[in-house]
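Colleague: Could you walk me through this model before I set anything up with it?
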Amino acid sequence: MPTLPTTADPSVILSKLRGIILLGGTVRPTGLSAAIGRSILELPITGGRSLLDLWCDQASQLARLAGHNLIVRVLIDKEVPQPPNKNAEFPQIDLQIHHDPFELRGTGGILKDSTADFSDDDFILVAAANQVVSEPLARVAESLAALGGDVNIVAHEEGQPSNIMLLRRGVLKGIQDIGFADLKEQAMPAIAKSHSVQVKFYPQAIGMPVRALKDYIQAVRWYHRSLKHDPQSADPFAEDCVATFSIVEDGATLNNNAQAMDSIILNGAKVGRNASVVRSVVCPGAIVPDQAIVMDQVISFDTPRSAFRRQPAKA
């Protein structure tokens, strides 16, 4: 069991913060991840800004709080093109994309392997990459650093661990060098026996997963409400029937007489005349026919025309 939280000077640990590890592996593909033809991290959250851009912005704010530049190492389980160089936009971070086979090593093994160039006293912020956090990462890191443990974990809902933790690299030394080692199920119980593990409790989850279609739409809806200081953004999992956003990427075509409500039209997709797209993603190469109705769907290039409903004829 974790020990009770203590209070420490967060600047001590933050001064030793070396980098951020974003775990972008997927346990199993979803309809969304299979259809988009890109990494989940490259999905837009707002016009011209991807999930990866949000992480870079959050990491830059944390680097300013720590008082030094940080490595941001993104670990993914499949080959993707290198993202554009973001050093000019985010000079406080060194963004690195690493391809690691999660199914062979597990999150614990991957985390140990990917931080082999760090020293034992370096601290690392570890987070699931495929999520939108509803709390500023710098604030979360500062709260975790104030706990003063070797491992400091965000938890919610009566102790359920979250996908964000701050740990000292030395605690990973006991993880096996070869074979599969899951971080939460295998490595963490062993670490807790010989190191200080502290927990920061939040009343609700502070991360909204971006995996399946419903997750993605909900996360983007919350983000747009937060930009407008909408009171409903206080609850990142609130739902209603009012459309909040519409994202049409460069290279996508949305007919002037069509509408996209709480939907994302990706580069290379086309939405025809008088079509309505609601809480959906239209993927590259996909075509939504004229007068079609799309609701709560991922539309790909091979979606049959029979899958589309049609607008009722006008009297």
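Colleague: Which residues of H6 are buried?
Modeller: The buried residues of H6 are Leu183, Ala187, Met188 and Ile191, where buried means under 20% relative accessible area, exposed over 50% and partly exposed in between, with a 1.4 Å probe and protein chains only. They cover an arc of only 95 degrees around the axis, which puts them on the same side of H6; the arc is that of the directions from the helix axis to the C-beta atoms.

Colleague: Before we go on, what sort of model is this, and how is it numbered?
Modeller: This is a predicted model, in which local features need pLDDT of at least 70 and side-chain atom pairs count only at pLDDT 80 or more, while totals for chains, interfaces and linings use all residues. Residues are numbered from 1 along each chain as its sequence is written, and side-chain values use heavy atoms, with hydrogens and water left out.

Colleague: OK, back to H6: which exposed residues does the face turned away from its buried side carry?
Modeller: That face carries the exposed residues Glu185 and Lys193.

Colleague: And what caps the N-terminal end of H6?
Modeller: Asp182 does, with a side-chain oxygen 3.2 Å from the backbone nitrogen of Lys184; a polar contact is a pair of N or O atoms within 3.5 Å, and within protein one must be able to donate a hydrogen and the other to accept it, while residues adjacent in sequence count only if both atoms are side-chain atoms.

Colleague: Different topic: how many helices and strands are in the chain?
Modeller: The chain has seven helices and 22 strands, taken as DSSP runs numbered from the N terminus, with at least four residues of H or I for a helix and at least two of E for a strand. Of the 315 residues in the chain, 51% are buried.

Colleague: What is the strand order in the sheet that contains S14?
Modeller: The order is S14-S17-S20-S22, an open sheet of four strands with mixed pairing, where two strands pair if DSSP finds at least two bridges between them. Strand S14 (259-261) and strand S22 (309-310) stand at the edges with a single partner strand each, so one side of each is left without a neighbour in the sheet.

Colleague: Where does the mix come from?
Modeller: Strand S20 (residues 292-295) runs antiparallel to S22, joined by two bridges, and Ile293 stands opposite Arg309 in S22. Strand S17 (residues 276-278) and S20 run parallel, with three bridges between them, and the bridge partner of Val277 in S20 is Val294.

Colleague: How are the strands paired in the sheet with order S12-S15-S18-S21?
Modeller: That open sheet of four strands has parallel pairing, and its edge strands, S12 (246-248) and S21 (298-299), each pair on one side only.

Colleague: Last one: is Ser60 buried or exposed?
Modeller: Ser60, which has its place in helix H3 (residues 51-66), is buried, with a relative accessible area of 2%. Its side chain reaches the backbone oxygen of Cys56 at 2.8 Å.

Colleague: What is Ser60 in contact with, leaving aside its neighbours within four places in sequence?
Modeller: Ser60 is then in contact with Phe90, Gln92 and Ile93, where contact means heavy atoms within 4.5 Å.
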